[in-house]
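User: I should like to go through this structure by question and answer. Please begin with any definition that is needed.

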Amino acid sequence: MLNLKPMFMGKTTQEDIFLVNQIKAGTNIVGEIKSDGDMRIDGTLKGNIQIQGKLVIGPTGQIDGEISCQNAEIHGTINGKVTVNELLFLKGTSKILGDIVIGKLAIEPGAQFSGSCVMGNAVKGLYNGQESSTGRTERKTETKTIS
């Protein structure tokens with residue numbers, strides 16, 4: 001398991017708090033990642049990822065495992081369950097094969113999604129270890145390209 005935090009050289013400044021962990025294109029990781037901050041992945045991860053902040057999967061990014069984060073912007077490919085406490089933004093190049101549990105969803109034309117979607121207050125209950133049916137919307141879908 002990788003437990004990533006932004007590394008600082010020398011004196012820490014207020015701007016350093018907003019640094020983002022990055023996994024560059026061409027990097028392949030097998031294992032679990034946990035981070036308290038934001039993260040951008042342009043490489044490949046086979047394993048689960050748990051981020052306390054925002055997760056960005058770049059156009060070359062590929063995840064094969066479960067994702068849990070506060071907010072997410074997806075340009076690349078995910079094969080697994082995605083749980084986002086607040087906003088999941090699927091860009092036009094994104095492809096998700098798996099279920100999503102989200103607070104809010106934004107989808108650009110061209111995005112592909114295959115799985116079920118649970119949206120609304122159910123996410124907050126899941127983060128507290130219990131599922132709430134209040135404000136819950138569930139929808140089963142087939143693979144679709146939004147255009």
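Analyst: Contact here means heavy atoms within 4.5 Å. The model under discussion is predicted.

User: Among contacts between residues at least 6 apart in sequence, what percentage joins residues at least 24 apart?

Analyst: The set considered is restricted to contacts in the protein chain between residues at least 6 apart in sequence. Within that set, the share joining residues at least 24 apart is 16%.

User: How many strands does the protein chain have?

Analyst: The secondary structure of the protein chain includes one helix. The number of strands is 19.

User: What is the average pLDDT of the protein chain, and where does pLDDT stay under 50?

Analyst: A pLDDT of at least 70 is reached by 69% of the residues, and the chain average is 81. Where pLDDT is low, the predicted coordinates should not be read in detail. This concerns residues 130–142, with 30 contacts beyond four places in sequence in the model, as well as a stretch with eight such contacts, residues 5–14.

User: Which residues have the most contacts inside the largest nonpolar core?

Analyst: The largest nonpolar core comprises 26 residues. Elements giving two or more residues to this core include strand 5 (39–41), strand 7 (49–51), strand 8 (54–57) and strand 13. Strand 13 supplies the largest share, four residues. Inside the core, the residues with the most contacts are Ile49 and Leu55.

User: Which residues does isoleucine 49 contact, leaving aside neighbours within four places in sequence?

Analyst: Isoleucine 49 is one of the two residues named for the most contacts inside the largest core. With neighbours within four places set aside, its contacts are Ile33, Met39, Ile41, Leu55, Glu66, Ile67 and Ser68.

User: In which sense do strand 5 and strand 8 pair, and in which sense do strand 8 and strand 11 pair?

Analyst: Strand 5 and strand 8 are joined over three bridges in the parallel sense, and isoleucine 41 stands opposite isoleucine 57 in strand 8. Strand 8 also pairs with strand 11, over four bridges, with lysine 54 opposite asparagine 71 in strand 11. For strands 5 and 8 the sense is parallel, and for strands 8 and 11 it is likewise parallel.

User: Is lysine 91 buried or exposed?

Analyst: Lysine 91 sits in the loop between strand 13 (82–90) and strand 14 (95–97). Beyond four places in sequence, it touches Glu73, Ile74, His75, Glu108 and Ala111. Because its relative accessibility is 16% and the cut-off for burial is under 20%, lysine 91 counts as buried.

User: What distance separates the C-alpha atoms of asparagine 79 and isoleucine 96?

Analyst: Asparagine 79 lies in strand 12 (residues 77–79) and is partly exposed at 36% relative accessibility. Outside four places in sequence, asparagine 79 is in contact with Ile63, Asp64, Gly65 and Leu97. Isoleucine 96 is 17 residues away along the chain, and the C-alpha separation is 6.0 Å.

User: How many disulfides are counted?

Analyst: A disulfide is a covalent bond between the sulfur atoms of two cysteines. The rule applied here requires a pair of cysteine sulfur atoms within 2.5 Å. Cysteine 69 is buried at a relative accessible area of 1%, and cysteine 117 is buried at 8%. The count of disulfides by this rule is zero.

User: What area does the protein chain expose?

Analyst: Buried residues make up 40% of the 147 residues in the protein chain. Carbon and sulfur atoms supply 50% of the exposed area, which is about 8400 Å².

Conventions
Residues are numbered from 1 along each chain as its sequence is written. This is a predicted model: local features need pLDDT of at least 70, side-chain atom pairs count only at pLDDT 80 or more; totals for chains, interfaces and linings use all residues. Side-chain values use heavy atoms; hydrogens and water are left out. Buried means under 20% relative accessible area, exposed over 50%, partly exposed in between (1.4 Å probe, protein chains only). A nonpolar core is a set of buried Ala, Val, Leu, Ile, Met, Phe, Trp, Tyr and Cys residues joined through side-chain atoms within 4.5 Å. pLDDT is the predictor's confidence in each residue, from 0 to 100. Two strands pair if DSSP finds at least two bridges between them. Accessible areas come from the Shrake-Rupley method with a 1.4 Å probe; for residues, only the protein chains shown count as cover.
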